[in-house]
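Please read the following report alongside the sequence and the coordinates. Which side-chain contacts and helix arrangements can be described from the atoms alone?

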Amino acid sequence: MRQSRALVVDDLPFGIDRTSATPLAVQVADGLRRAATTGALAGGDRLPSSRELAARLGVSRTVVTAAYDQLHAEGWLSGRHGSGTYLTAAPPPVERTAGTTSRRDPLAGLLDLGAGAPSVETLDTAAWRRAWRAASDRMPVVRKDRGGEPEYRAAVAEHLLRHRGLGVSSGNAVLATAGTSAAVGELAAALWRPGDAVAIEDPGYSRAAGALRAAGMRLVPVPVDGDGLRVELLPDGVKAVYCTPAHQFPIGARMPAARRIELIEFARRTGALVIEDDYDGELRYDTAPLPLLATLAPDLVVHLGTTSKILTPTLGVGWLVAAPAITDAVLGYRELTGTSPAPAGQQVVAEFARSGDLARHLRRLRREMPPRRALVVAELRGRGLQVRGDDAGSHIVVPLASPEQEERAVAAARAAGLYLDALGRHHIGPRHTFGIALGYAALPSADLPRAVRLAGDVLSRVVEWTG
């Protein structure tokens, strides 16, 4: 049970405004109520005597007595003979108003077949704990390095060279980021002005689009096809082109070499920057990955990566590789705003890489994802459904004919206890491509077969009913 707390006069967080038309006694009563509802006072606290509080506030004792009498009448206070005046009422519940209601988790209680989630089950929990313990042995930092922890940046450079063929040299540099969306927002704020145009895949990564919009950019949606971004539709005059060439999100296409060269030529001709989001480039298991855009034109390409898809969003870290003029601009923006990614996640990733556990984890992922994908494809194609997307990453696409089919599929899946991810929500402009981006990484392997069977039931019924 909570013990009563005797408050000294100076503990009370309010004062008197003598220029206000509100009577002094009402101000004192309002101040005490406000202190109770905000938690500054709690039930059982003993208030100062009327004489002490009057002296502190510079009012007559009659004013404080009148305020105490009003709060007694309302049930907020009680007097104990020979002991003092106590707050007896707990703070009333705060009424929720429009715009302040907490947002319920939309996936609560559902089997998660959404795209873009990692396979946490694949993480070696012993290695995970070792990395956290090793990171916690470091002394806390006094000042953050705006570019990121040196050990983390070195680990990222080695990772990119080994797993993505991107060498970090004097021609470019690595910065730590708080993830892809944060990096996109920083680039926009550091390099461009509100109203500048940025081209982005459509459908594409809606959070990157949101970060660009938040920075005041004007988005130019560019359609995608089976080979990714349609470069021939890019307009002149854009400051940058955001794309996911290794595994287009959410359609799942891989940009072929010829189109990559075409994109680089467009950037050279127009002066546009290319933002290459390599969100799951490590997860290719059908053929060797094509060279990164950043290896083709390090002066024109900003390469982005994240640990959220290959490890977990828990870490909240990613990386940015770009020419020094760009990384210097981002660092200048961070100095100006006082922002930079938190060191803790960087330190864990650095330890995970130093021990060799990151490389082992990626090998496990590459072994784990193909049979999961095969299970999904077999189940859906066995029901006559189309399946699209490269044999890579951790999601496939089931095309649908209309937004109505999407809506019915999502609603029917929710009723069956599933979360399905509609392509409609990934459009930057008007919706024109419909289907379900079905992820197969988030669920434990024991739950995936049942979830995919349920998804197959739902999708086949929707297609048959509207076909």
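The report below covers salt bridges, aromatic pairs and helix geometry in what is a predicted model.

## Salt bridges

Side chains of opposite charge can pair when their charged atoms come close. A search of the whole structure returns 25 salt bridges, among them the one in which the side chains of Glu 351 and Arg 138 meet at 3.1 Å, taken from N to O. This pair links distant parts of the chain, since Glu 351 belongs to helix α11 (residues 343-354) while Arg 138 sits in the loop between α4 (125-136) and α5 (150-164), 213 residues apart. The partners also differ in how they are classed for accessibility: Glu 351 has a relative accessible area of 9% and is therefore buried, whereas Arg 138, at 23%, counts as partly exposed. Both residues take part in a wider arrangement, a network of salt bridges that links Arg 138, Glu 151, Glu 351 and Arg 354.

Two further salt bridges can be described in the same terms. Arg 153 pairs with Asp 145, and here the closest N and O atoms are 3.9 Å apart, which falls within the 4 Å cut-off for a salt bridge. Arg 153 is partly exposed, with a relative accessible area of 24%, and Asp 145 is likewise partly exposed, with a value of 35%. The side chains of Glu 232 and Arg 230 meet at 2.8 Å, N to O; Glu 232 has a relative accessible area of 45% and is partly exposed, and Arg 230, at 30%, is partly exposed as well.

## Aromatic pairs

A pair of aromatic rings is described by the distance of the centres and the angle of the planes. The search of the whole structure finds three aromatic pairs. In one of them, the rings of Trp 128 and Trp 132 have centres 5.7 Å apart and planes at 75°, so the pair is edge-to-face, given that angles over 60 degrees are assigned to that class. Both residues lie in helix α4, four residues apart, or about one turn of the helix. An α-helix has 3.6 residues a turn, so residues three or four places apart point the same way. Trp 132 is partly exposed, its relative accessible area being 34%.

Another pair is formed by Phe 249 and Tyr 279, whose ring centres are 5.6 Å apart and whose planes stand at 85°, so this pair is also edge-to-face. Phe 249 lies in the loop between β9 (240-243) and α8 (257-270), and Tyr 279 in the loop between β10 (273-277) and α9 (293-296), so the contact ties together parts that are 30 residues apart in sequence. Both Phe 249 and Tyr 279 are buried, and together with Tyr 205 they form one aromatic cluster.

## Helix geometry

What span should the 12 residues of helix α6 (residues 180-191) have at 1.5 Å a residue? The expected span is 16 Å, and the end C-alpha atoms of α6 are 16 Å apart, which agrees. The buried residues of this helix are Thr 180, Ala 183, Val 184, Gly 185, Glu 186, Leu 187 and Ala 188.

Two packed helices are described by the angle between their axes and the distance between the axes. Helix α1 (residues 24-37) packs with helix α3 (residues 61-74) at an angle of about 50°, and their axes are 8 Å apart. That angle makes α1 oblique to α3, and the crossing of the two helices is right-handed.

Technical notes
Residues numbered from 1 in each chain as written. Predicted model: local features only at pLDDT ≥ 70, side-chain atom pairs only at ≥ 80, totals over all residues. Heavy atoms only, no water. Buried < 20%, exposed > 50% of the residue type's maximum accessible area, 1.4 Å probe, protein only. Phe/Tyr/Trp six-rings, centres within 6.5 Å; stacked < 30°, edge-to-face > 60°. Expected span 1.5 Å × (residues − 1). Axes fitted to C-alpha atoms, helices over the stretch in contact; angles between N-to-C directions. Parallel < 35°, antiparallel > 145°, perpendicular 65-115°, else oblique. Left-handed = near helix turned anticlockwise from the far one by under 90°.
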